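Subject: Handing over the structure, with notes on what was found

Dear colleague,

I am passing this structure on to you, and I would be glad if you opened it and kept it in view while you read. My notes follow directly below it.

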Amino acid sequence: MITKAYKFFCGCLVFCGVTATLTSCDDFFSQDSNDVLYADKEHLNNAVDTIYSVTGILTKLQTLADRTILFGEVRGDLVDLTSVASDDLRELATFSVSDDNKYNVPSDYYAVINNCNYFIAHADTALRNNSNQNIFMKEYAAVKAIRAWTYLQLVLNYGQVPFYTEPLLSKEEAEAAETANIADLQTICSYFINDLAPLPARYNTETPGYRTIRNVESKMLFFPLSVIRGDLYLWRASITGSKEDYRQAALNYYQYIAERNGTSTAYPTTLSYIRWDPRSSTWNSSESRNWDISSEKFEDTGELITMIAGDSIPSEGHYSELCDLFSSCNRNQYKASITPSQRMIDISESQAYCHPSYDGSSVEYAPPGLPDHQSGDLRLWNVWEKSFERDRITGDRIETQDISKWGFSNTRQDIRRSRNVHIYRRMMVYLRMAEALNGAGYPRMAYQILSEGLSNREIQYSVIPYYMTGEDRSDSLFLARFDFPDSRYEVMTIGDWVATPSADCNMMGVHTRGSGWTPMNEYYQFPLRLIEENDSMTIYAEYPLDYQQAYVDSLLLNEEALEFAFEGTRFYDIMRFALRQSNPGSFMAEHIYARRGEANRPEVQAEIKNSLTDQRNWYLRWKGKIGY
């Protein structure tokens, strides 16, 4: 069965048993004859049909992989387009996407959704084995998570979308569904929060056991329920401002962390960082410790959580073009289409890199103006390499770049490191948990994730004392639900930073990953209001909660840029933060306008800025059938 599933996943099998065909070329539900699996079967009640169906859905997901990244990155503020970028990419960057743009194909989302709907409607979840265990519940839960993720991507990109949960098996059903029920982001989030709620907790981490497909561990092809739930709550909270929704988002993200490797193990941030070599006096050499986000192995401290697998060569059906867009290679004549924007450089270089002395008694900060963007945070420098090639005929110099997050391409040997598109990773869960905690009214807990990391000891002494007000102690009791046992989570100390970390040390602040030792960084502190300062004492007071939240939000949005640049999250991150503002359109417009760059001429950027003040212009449209 695994062999058959493997062949199916590679696109080598033709779907069979399909009787319904949706043929209208003007419908975004337009599908070909293999778009609905086993439509002549009333139940999917054997292993072969079930594996074929699930791997078929994974195959359909491949069509969404590249655009998930491009929609989130090209429309954000961290990248610019080069002169060789296609018109389709340029339309994305200028928020002027036409109906025939190759990325503007809503039917691809509905192909996934319709197959999920069919599976959910027909999978025999009551079937049990000799041990009285449900045979297909893992698949059922996994497909429900895929459907929720796909609908979330669809509505984030189109704003309001036709919504249906039953399989469409005829042209008439498809045409009726186009206008029957139009859902916005809040509606989508609410529906799937409720839809996923009844699924047993065990399926937060248990996924279909298909072993390895094309050298990919199949568990990495699925979307953890608790992470999806966290996203749904976080997006809904960003719209409604509900403290309870923020709490539920944080708890769901925490649930994934707590259960990722089993309930008696840890899933720490680990000591993954880039720092200046203490022996260097010129600040021009660095050392990395376990800073690798490219590994696709499912390990206890593995960074990757979910990916969409792709094909390895262009002649195959679902070859990712991301490496060719972000990096120089012979396939694109060494000319990348997407490059870091001036805004990305500004955010990176505005950070104060903090380097402690050998004994930890003092610090110094990296000077400005270092070559290769080595001033400030080091994560951009670590993933962005600029070089040059010589034209083989003319000998002319060709400027090249590599963005290692999308498969480092050696310009001479053209080696592709990865063909797969990464969707979720560990730091994303930690930072979104911080985002949710801040929104729920716990900015110190969120800041703790950024600055030092979490353990029960740190939570007890550095966070909870600030939330002891109120007779019911509900805030402190809520924070106590985030259990990071000291026996499994040990926060890094200054001694660990300047010397060899202890064997048990496994937690650090996310900001330290690229900006040096954050706990001693005077430019990166939790905000306090100076009340009095004299020779004998300095007195500080707390700012109001809303001020603290706004300040920590600004740290979080910058941290997400530093950590996730070029990974396809930026536009969505800005959107989430914008929705929390009193004037979302102004917030969005100001951030996108700041991208600057050669391909974004001032007059074009001014037009984009003016357009984005209207929220309806944040989204794509297609033939008047979807979008605002």
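Which polar atom lies 2.5 Å from the backbone oxygen of D324, and to which residue's side chain does it belong? The partner is a polar atom of the side chain of N332, and since that is a good place to begin looking, I will stay with this residue for a moment after one word of caution. Please bear in mind throughout that this is a predicted model.

N332 lies in the loop between helix α10, residues 322–326, and strand β9, residues 338–340. The side chain of N332 also reaches the backbone nitrogen of C329, at a distance of 2.9 Å, in addition to lying close to the oxygen of D324 at the 2.5 Å given above. If you set aside the neighbours within four places in sequence, the residues in contact with N332 are D324 and S327. Is N332 buried or exposed? Its relative accessibility is 13%, and because buried means under 20%, N332 counts as buried.

Let me now step back to the chain as a whole. The protein chain has 628 residues, of which 57% are buried, and it contains 22 helices and 16 strands. When we consider the contacts between residues at least 6 apart in sequence, 71% of them join residues that are at least 24 apart.

Two pairs of helices are worth following in the viewer. Two packed helices are described by the angle between their axes and the distance between the axes, and I give both values for each pair.

In the first pair, helix α13 (residues 426–439) and helix α14 (residues 443–451) have axes that come within 7 Å of each other and cross at roughly 160°. Because angles over 145 degrees count as roughly antiparallel, α13 is roughly antiparallel to α14. The crossing in which α13 passes α14 is left-handed. On the side of α13, the contact is made by Y430, L431, M433, A434, L437 and N438, while α14 contributes P443, M445, A446, I449 and L450. Sorted by class, this contact of α13 with α14 holds ten nonpolar residues and one polar residue, with no charged ones.

In the second pair, the axes of helix α21 (residues 584–593) and helix α22 (residues 602–612) come within 8 Å and again cross at roughly 160°, which means that α21 is roughly antiparallel to α22. Here, however, α21 passes α22 in a right-handed crossing. The residues that make the contact are G585, M588, A589, E590, I592 and Y593 of α21, together with Q605, A606, I608, K609 and L612 of α22. By class, the contact of α21 with α22 divides into seven nonpolar, two polar and two charged residues.

Where does T518 lie, and which residues does it meet? T518 is found in the loop between helix α18 (512–515) and strand β15 (528–533), and it is buried, with a relative accessible area of 0%. Apart from neighbours within four places in sequence, T518 is in contact with L450, S451, H511, T512, Y524 and Q525. L450, which you have already met in the contact between α13 and α14, is 68 residues away from T518 along the chain, yet the C-alpha atoms of the two are separated by 8.5 Å.

E259, which has its place in helix α9 (residues 243–259), can be read in a similar way. Not counting residues up to four places away in sequence, E259 touches A201, N204 and T205, and the C-alpha atoms of E259 and T205 are separated by 7.0 Å although these residues are 54 apart along the chain.

S476 sits in helix α16 (residues 474–479) and is buried, with a relative accessible area of 3%. Its contacts, again leaving aside neighbours within four places in sequence, are with I464, Y467 and M468.

Finally, please look at the backbone angles of two loop residues. F95, in the loop between α3 (87–93) and α4 (106–122), has a phi near 55°, which is a positive value in a residue other than glycine, and F95 counts as buried at 16% relative accessibility. D372, in the loop between β11 (363–365) and α12 (379–383), likewise has a positive phi of about 55° although it is not a glycine.

With best wishes

Technical notes:
Residues numbered from 1 in each chain as written. Predicted model: local features only at pLDDT ≥ 70, side-chain atom pairs only at ≥ 80, totals over all residues. Heavy atoms only, no water. Axes fitted to C-alpha atoms, helices over the stretch in contact; angles between N-to-C directions. Helix = DSSP H or I, 4+ residues; strand = E, 2+ residues; numbered from the N terminus. Parallel < 35°, antiparallel > 145°, perpendicular 65-115°, else oblique. Left-handed = near helix turned anticlockwise from the far one by under 90°. Contact = heavy atoms within 4.5 Å. Nonpolar A, V, L, I, M, F, W, Y, C, P; charged D, E, K, R; others polar. Buried < 20%, exposed > 50% of the residue type's maximum accessible area, 1.4 Å probe, protein only. Polar contact = N/O pair within 3.5 Å; in protein donor to acceptor, adjacent residues only side chain to side chain.
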